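Reader: Can you walk me through this one? I'd like to go residue by residue where it helps.

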Amino acid sequence: MRITDTSDLWWKTAVVYCLDVETYFDSDGDGVGDFAGLAQRVDYLAELGVTCIWLMPFYPTPERDDGYDVTDFYGVDRRLGDHGDLVEFLRTARDRGMRVIADLVVNHTSDQHPWFQSARQSKDSPYRDYYVWRSDPPPETSKEVVFPDQEQSIWTKDKPTGEWYLHRFYKHQPDLNVTNPEVRNHIAKAMGFWLELGLDGFRVDAVPFFLETMGQDASGLPDPHEFLRDLRRYLSRRRGGGILLGEVNLPYKDQLTFFGGSDGDELNVMFDFIAMQNMYLSLARQDAGPLAKALKGRPAINPDNQWATFVRNHDELTLDKLADEERQEVFAAFGPEQQMQLYGRGLKRRLPPMLGGDPRQIRMVYSLLFSLPGTPVLYYGEEIGMGENLDAEGRLAVRTPMQWTDGPNAGFSTAESEQLISPIVDGGFGPQFVNAAQAKRDSDSLWNFMATLIKRYRECPELGWGHFEILKQPEKSVLAHRCTWEESSMVLLHNLSSDPVTVELDLATADRPAEMLQAVLLLDLLGDADVKIAEDGTCTLPLEGFGYKWLRLQHPEDRRLR
């Protein structure tokens, strides 16, 4: 592999770390995290091995949806600092070799945004067509709402004009009219502004909703996907290595459209919700079948595109693409109590409590995450095994302050506890048991294991660039797969069961018959149990309960070190 093959596509082998500035580190003692505090923690992320930081919304907001209700696309919420603090953080991250992307929240605004405040007052407002309105009573849409416990319709009647406005999310988040050229220009200008300040791209929120033309006469309108292609071209002109990381929770065939099909000219990277949901079903059953089936169902994508893999994110752990009975299996295994569930379709939990704190299983899951073909995305606190606060409302359960120490307020803030942006997690996953300071000092901690995984992942371009295939073997609890890139090949095994197994693999292929494998060694990248391949191209690999192996096919002429 030549360096020039990958230098412009950094996202193919990136390690992305998502965080919320307001819950990460408070530098001034007001109970809210800020950019000055985040800048002080950049070295922590660099030491872990993170290569890209994803910032959740930091824009001015009434804070009715944790920052996703924006009142100014060009601003920094004053609780978090100012533009100068943001730029200083960006410089600090760049000096450590890290890129930074931020949420692009342009499907809707806050109802407190000046555009909507003007638009709702008069049909003659210059901002009226920035939003989607209807004069006739809307049909029944209760089944279309995103938050069924909060809303009963995606249309709300506004008193000043007597018309209804569209909101696919909360009623205080009116949808922007993406068919309006002025709205599209504002979105591009906002992107350009943040790129000039130093961002490397955007995580695009709710992409399918963002591109929809509901409430508009679609005849004669340009293809919404052409607008997404325009944004991709604009981003590439402004920052050659810029990235659009999209949230598209749809079946694979529909996701392919948002990549831009075989041209790959829309989103660069997309979250793989299908594999994530089937991973939890496989964990619940201790059967690798659902995950293997999902991975085999991934469509071929342009080589410049990439899937983003993840265990957890900032939202509910959605299970909406599973069948009802499958979802109930996951609920029974990992969220049997009603307060652990959300909307009947997802969970409000983090991984360690779901797995009962079992370090073997937790490590196996993260080994699996980094071994899957794609770009791994971590959510803050995963590296130390943080838990959730089930007393918090909805998605806020997993948006608790970062646990830095076992001291007051988990070392997050010097404010009084009642002033904190969110309560600290209590109980067995509280800071007295789970915190970054202790984890970094303990050579056997999850933090150090995660740092090793990240290092190995970054040393293995096969995982980000390679051809993926499921390997046949008889153990249903084991996912065995191979990633091959040019002349390099890796074999990766994960046992999703608590029972030990022995896996028999035949590694001979048409390109590499058995006689070519006789001198090949399977180099153990996470341990020291190297394996010889037999003369017939087979090998026998024992796996402990929840065991895992990363093995590289080492040819005699290959001089790479472990």
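Author: Sure. This is a predicted model. Let's start with Phe546, which is buried at a relative accessible area of 4%.

Reader: Where is Phe546 in the chain?

Author: Phe546 sits in the loop between β21 (538-543) and β22 (548-554).

Reader: What about the phi of Phe546?

Author: Phe546 is not a glycine, yet its phi is positive, about 55°. Most residues other than glycine have a negative phi.

Reader: Which other residue has a positive phi without being a glycine?

Author: Asp66, with a phi of about 50°. Asp66 belongs to the loop between β2 (52-55) and α4 (83-95).

Reader: Is Asp66 buried or exposed?

Author: Buried. The relative accessible area of Asp66 is 10%, and the cut-off for buried is under 20%.

Reader: Switching to pockets. What volume does the largest one have?

Author: The largest pocket comes to about 620 Å³.

Reader: How many residues line the largest pocket, and which lie nearest its centre?

Author: The lining of the largest pocket has 27 residues. Nearest the centre are Val146, Phe169, Phe209, Glu247 and Asn249.

Reader: How does the lining of the largest pocket divide into nonpolar, polar and charged?

Author: That lining has 10 nonpolar, six polar and 11 charged residues.

Reader: And closed space? How many cavities of 30 Å³ or more?

Author: The count is six cavities of 30 Å³ or more. The largest cavity holds about 80 Å³.

Reader: Which residues are closest to the centre of the largest cavity?

Author: Val132, Leu166, Leu176, Val178 and Glu212, out of 14 that line the largest cavity. By class, that lining is seven nonpolar, five polar and two charged.

Reader: Tell me more about Leu166. Which strand is it in?

Author: Leu166 is in strand β6. Leu166 is buried, because its relative accessibility is 2% and the cut-off is under 20%.

Reader: What does Leu166 touch, beyond residues up to four places away in sequence?

Author: Leu166 touches Val132, Ile154, Trp155, Pro174, Asp175, Glu212 and Met214. Val132 and Glu212 also appear among the residues closest to the centre of the largest cavity.

Reader: How far apart are Leu166 and Ser153 in space?

Author: The C-alpha to C-alpha distance between Leu166 and Ser153 is 9.1 Å. In sequence, 13 residues separate the two.

Reader: What sheet does β6 belong to?

Author: An open sheet of three strands, in the order β4-β6-β5, with antiparallel pairing. Its edge strands are β4 (133-134) and β5 (155-158), each pairing on one side only.

Reader: How many bridges between β5 and β6?

Author: Four bridges, antiparallel, with β6 covering residues 163-166. Lys157 stands opposite Trp164 in β6.

Reader: Now the parallel part. What does β8 pair with?

Author: β8 runs parallel to strand β7 (residues 201-204), joined by four bridges. β8 also pairs with β9 in the parallel sense, over two bridges.

Reader: What stands opposite Leu245?

Author: Arg203 stands opposite Leu245 in the β7 pairing. In β9, Val269 stands opposite Leu245.

Reader: Are the faces of β8 covered or open?

Author: Both faces of β8 (residues 243-246) are covered. Ile243 and Leu245 are buried on one side, Leu244 and Gly246 on the other.

Reader: Moving on past β9. Where is Asp272?

Author: Asp272 is in the loop between β9 (269-271) and α10 (273-285). Asp272 counts as buried, at 1% relative accessibility.

Reader: Which side chain makes a polar contact with the side chain of Asp272?

Author: The side chain of Tyr252, at 2.9 Å. Leaving aside neighbours within four places in sequence, Asp272 is in contact with Tyr252, Arg298, Trp307, Ala308 and Phe310.

Reader: Last one: Ser477. Buried or exposed?

Author: Ser477 is buried, with a relative accessible area of 7%. Ser477 lies in the loop between β15 (467-470) and β16 (478-485).

Reader: What does the side chain of Ser477 join in a polar contact?

Author: The side chain of Asn495, over 2.8 Å. Apart from neighbours within four places in sequence, the contacts of Ser477 include Gln286, Asp287, Ala288 and His494. Leu496, Ser497 and Val501 are also among them.

Conventions. Residues numbered from 1 in each chain as written. Predicted model: local features only at pLDDT ≥ 70, side-chain atom pairs only at ≥ 80, totals over all residues. Heavy atoms only, no water. 1 Å grid on protein atoms, 1.4 Å probe; cavity = no way out; pocket = protein on both sides within 12 Å on 5 of 7 lines; lining within 4 Å. Points joined across faces, edges and corners; volume = space filled by probe spheres on them. Nonpolar A, V, L, I, M, F, W, Y, C, P; charged D, E, K, R; others polar. Pairing = 2+ DSSP bridges. Buried < 20%, exposed > 50% of the residue type's maximum accessible area, 1.4 Å probe, protein only. Polar contact = N/O pair within 3.5 Å; in protein donor to acceptor, adjacent residues only side chain to side chain. Contact = heavy atoms within 4.5 Å.
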